[in-house]
Amino acid sequence: MAFGIGKLADAGGRAAGRMAAHVSRQYPAWIAGCAVLTAVSILFVTRLELKSDFIELLPQDYRSVVDLRRIIDKVGGLGNLSIAFESSDVKASQRLADDLAGVLDRDFRGRIRYYDYKIDAIKKYYTDNAPLFMEPADLEEIRDRIDRKIRAEKLKNNPLFIDLSGSVEKDAQLDFGDIERKYRKETEGYARYIDGYYTGENGRLLAMLIKPSGGSTNMPAMKRLVADITAAIDRLNPAGYAPDMRFAFAGNYKTGLEEFETLKGDILGTALLCVALVALAVFAYFRRIRAVTLLGIACVAAVMWTFCVTYFAIGYLNTVTAFLGAIIAGTGINYGIILLARYFEERRLGTGVDGALKVAMEQTVAATFGAAATTAVSFGIFLLAEVKSFSQFGFIGGVGVMLVWAASYTFLPALVILSERLRPSVSGTEKTLLSDRANLSFLTWPLRYPRAVLAVFSAGAVLSIVSFARYLPDSLEYDMSRLRTRSSLESGTAKLDHRISEIFDVSMTPAVILSKDPAQGAAICRALLAKKKRDDDASGIEGCRSVTSYLPEGQEEKLEVVRDLRRMLTGPALGFLTGEQKRQVEDLKKSLPTRPLTLDVLPPEMTRFYTDKEGNVGTFVYVYPRAGRTLWNAENLFRFTADIRTITLGSGEVITSSGEAIIFADLLKLMKKDGPLATAVSFLGVFMLVVLIFGSLRSSVYVTSSLLFGTLWMVGLMSLIGTKLNFFNFVALPMTFGIGVDYSINIYQRYMREGPGSMDKVLRRTGTAVFLCSLTTIIGYFTLIMADSNALVSLGGLAILGEFTCLAAAMIGLPALVAVAEERRKARASKPDAGPR
């Protein structure tokens, strides 16, 4: 191939040499320009919005996203904000809840739509209309028993009647005990609520559910609401109600807010930790505060430029892209390290400042550009992903590494010149580099046993392929609870959510499906319940409720019986009743309805759950997942969402729905689709770029073989330790291709410059810088392990695993491969020419 690393290095080197000379003359202008650009960038970076909602991870024209936005626009935020009062004195909890209700009515109008903490109104509705909720056969049995009672009493009062069989006396016994016991089971759910309050754990826990007016994604408003309600409760002085009184918030509004605040804290925390650890590593290598300062300024500036571009191109960060700063800095600083290491090497040899900078830029530009380009390619592959967060991840990451590379060859050289003008960095007798100060002969041991090293790497690669092939069918993470934030699980919010859910009969986070009106809502529930009955245990649906679910079925049929009862219970025919019997009959007469129940007689405590933001009642229904089948388990999630995603009504109309569950399911499905494609295309793209850079198939095979060794060992170890892929950490695989190949490129590029037999020197000189480059990248990933999000921990852990295996392949496997190739070339060269046969 005509164009390879030699020509690329020559062309790039000449351009870099001219750039070095220009920067040496115009360094004040470069510093001023970069400083102004950084200051402007910071101004826009501070305006970047952070969006933690998972709806932001999918394309906005996706069916489930469009449907969910329609639901949010119509209904408002999904879920609720819960307050739990905990005390051994249930009466004290009741008084505190009542007093807080008064405060909410007075001070929080417009900020909350409603609150709910009592069952009284709902219980009264069912009690007052009990006959209409009974089965027709039971109503008829009551009517028949009363009729037999009346007939029996009339016969008993007839002096000529003699009851020889005893049947009349039996009919005279008016007893509804069996029917009462049957329906008592239906009302026992209300009895467990002490005094009608939502209580659990024998009264120790009392729950109040609040529906905020705003959506659950408006984090600033939600934070203020929680703070204001907390202040209101504090003013009520909970300890004054009971010494052991405690309160806490839960619900998906609270969980979302908690995870949002944790995300913001993690961004700052990981950034500071990354800066500190990278600075420490750089100082340990260079032993110069100057080196730490120069690299830090240039790298941080480039990261600011990156997020400034992000502001104009995207406008916000999401849960996946929010931590790219640490990754970009940990990876991108490598280019400056390689440049600065070579610069100090030249300075140590006595070269002047301008000359050392010129040599360093000329001889490192090709390798670092190739490394940056392969990393940018591995990021850029994600632009092909349908998952929006991954395409944004690829865009920001690709732009970021190229801007850090650009800063390393513009801003960093200008800072170097300025620092040298202020104070020379290296004296003639000073040993600055780690390779000058330490005995690094251990780095060259792969050159002494190259065949054994290759045998070990090859065997490990084969075993990795076998291990991963067996692990692949079970390699995806289906337990989404493992991706939640640790603080949410450890602080008690998740546990409190579970405790509160035990108070109620149904899931606290049902799916919401829009309907045109109550009639369509009823049709949706009929279709879903029919599907449940048809699929039996395979269905993911527990139940469906519309506002019409509170109306009894078969009212006209029941009212016919009720009218018969009313006639029978009116008049002198009941004069024979005893006192207790009269009480029972009077109670029954009072409960007998005179007309069918309609939506307009439902109490507000019922209808408010089905009222949209515009005040329309019955424009959505709730669908509940199977009890005991948590939707954090992806198999349950897929089953439930398959049932509710599209509903065909009896009329043939098709209703589509969405919700957090469907968004999660779509993310997982897209990950299964995008993951293998992004991984394959990333490796192919990196390989093609390596071929383009080196221009030699043999050299490209050496470099990519090293990458292949590292990647195979990575997936082999991943399967061995049981690490599973999720929609966060799967990006580690394509990223490893781009970042991991950098080390092999730098090692092999220096080897080609130095010539055959120079691998010993390359490992001592460039190898130490490559090790530092990997260390800074590992630090960037390590800060993710320190994050609160288990999803980010999984990403950091898998990426670090890839860093270790790719570094080992570049520092051990590649030198061994080169050593074996040199041995073979020497062996062939030493053989006498056999001449023509």
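Two strands pair if DSSP finds at least two bridges between them. The model used in these exercises is predicted.

**Exercise 1. Strand E8 and its partner**

Find which residue of E10 stands opposite Leu 514, and describe how E8 and E10 pair.

*Solution.*
Step 1. Go to strand E10, residues 620-625. Phe 620 in E10 stands opposite Leu 514.
Step 2. Look for another match. Ala 511 has Val 623 of E10 as its bridge partner.
Step 3. Take the pairing as a whole. E8 and E10 are joined by four bridges, in the antiparallel sense.

**Exercise 2. The sheet**

Work out the strand order of the open sheet of three strands, and say which strands stand at the edges.

*Solution.*
Step 1. Strands of a sheet pair through backbone hydrogen bonds, either parallel or antiparallel. Here the pairing is antiparallel, and the order reads E8-E10-E9.
Step 2. Strand E8 (511-514) and strand E9 (541-545) each have a single partner strand, so one side of each lacks a neighbour in the sheet. These two are the edge strands.
Step 3. Add the twist. From one strand to the next, it averages 25°.

**Exercise 3. Packing on the sheet**

Identify the strands touched by helix H2 and helix H25, and decide whether the residues of E8 are buried or exposed.

*Solution.*
Step 1. Helix H2 (residues 63-75) packs on the sheet and touches E8 and E10. The directions of H2 and E8 make an angle of about 85°.
Step 2. Helix H25 (residues 634-644) also packs on the sheet, in contact with E8, E9 and E10. Its direction makes about 150° with that of E10.
Step 3. Check each face of E8. Ala 511 and Ile 513 lie on one side, Val 512 and Leu 514 on the other. All four are buried, and both faces of E8 are covered.

**Exercise 4. The second largest pocket**

State the volume of the second largest pocket and describe its lining by element and by class.

*Solution.*
Step 1. The volume is about 820 Å³.
Step 2. The lining has 32 residues. Nearest the centre of the pocket lie Ala 271, Val 303, Met 304, Phe 307 and Gly 325.
Step 3. Assign the elements. Two or more lining residues come from each of helix H1 (5-45), strand E1 (49-51), helix H10 (251-286), helix H11 (289-313) and helix H12 (324-348). H10 gives the largest share, 11 residues.
Step 4. Sort by class. There are 26 nonpolar, four polar and two charged residues in the lining.

**Exercise 5. Positive phi**

Place Asn 237 and Arg 287 in the chain, and give the phi of each.

*Solution.*
Step 1. Most residues other than glycine have a negative phi.
Step 2. Asn 237 is not a glycine, yet its phi is positive, about 60°. Asn 237 sits in the loop between helix H8 (219-236) and helix H9 (238-241).
Step 3. Arg 287 also has a positive phi, near 55°. Its loop lies between H10 and H11.
Step 4. Use the cut-offs: buried is under 20% relative accessible area, exposed over 50%. Asn 237, with 41%, is therefore partly exposed. Arg 287, with 48%, is partly exposed.

**Exercise 6. Ala 406**

Locate Ala 406, classify its accessibility, and give its C-alpha separation from Ala 298.

*Solution.*
Step 1. Ala 406 belongs to helix H14 (residues 388-408).
Step 2. Its relative accessibility is 27%, so Ala 406 counts as partly exposed.
Step 3. Ala 406 and Ala 298 are 108 residues apart along the chain. Their C-alpha atoms are separated by 9.7 Å.

Methods
Residues numbered from 1 in each chain as written. Predicted model: local features only at pLDDT ≥ 70, side-chain atom pairs only at ≥ 80, totals over all residues. Heavy atoms only, no water. 1 Å grid on protein atoms, 1.4 Å probe; cavity = no way out; pocket = protein on both sides within 12 Å on 5 of 7 lines; lining within 4 Å. Points joined across faces, edges and corners; volume = space filled by probe spheres on them. Nonpolar A, V, L, I, M, F, W, Y, C, P; charged D, E, K, R; others polar. Axes fitted to C-alpha atoms, helices over the stretch in contact; angles between N-to-C directions. Contact = heavy atoms within 4.5 Å. Buried < 20%, exposed > 50% of the residue type's maximum accessible area, 1.4 Å probe, protein only.
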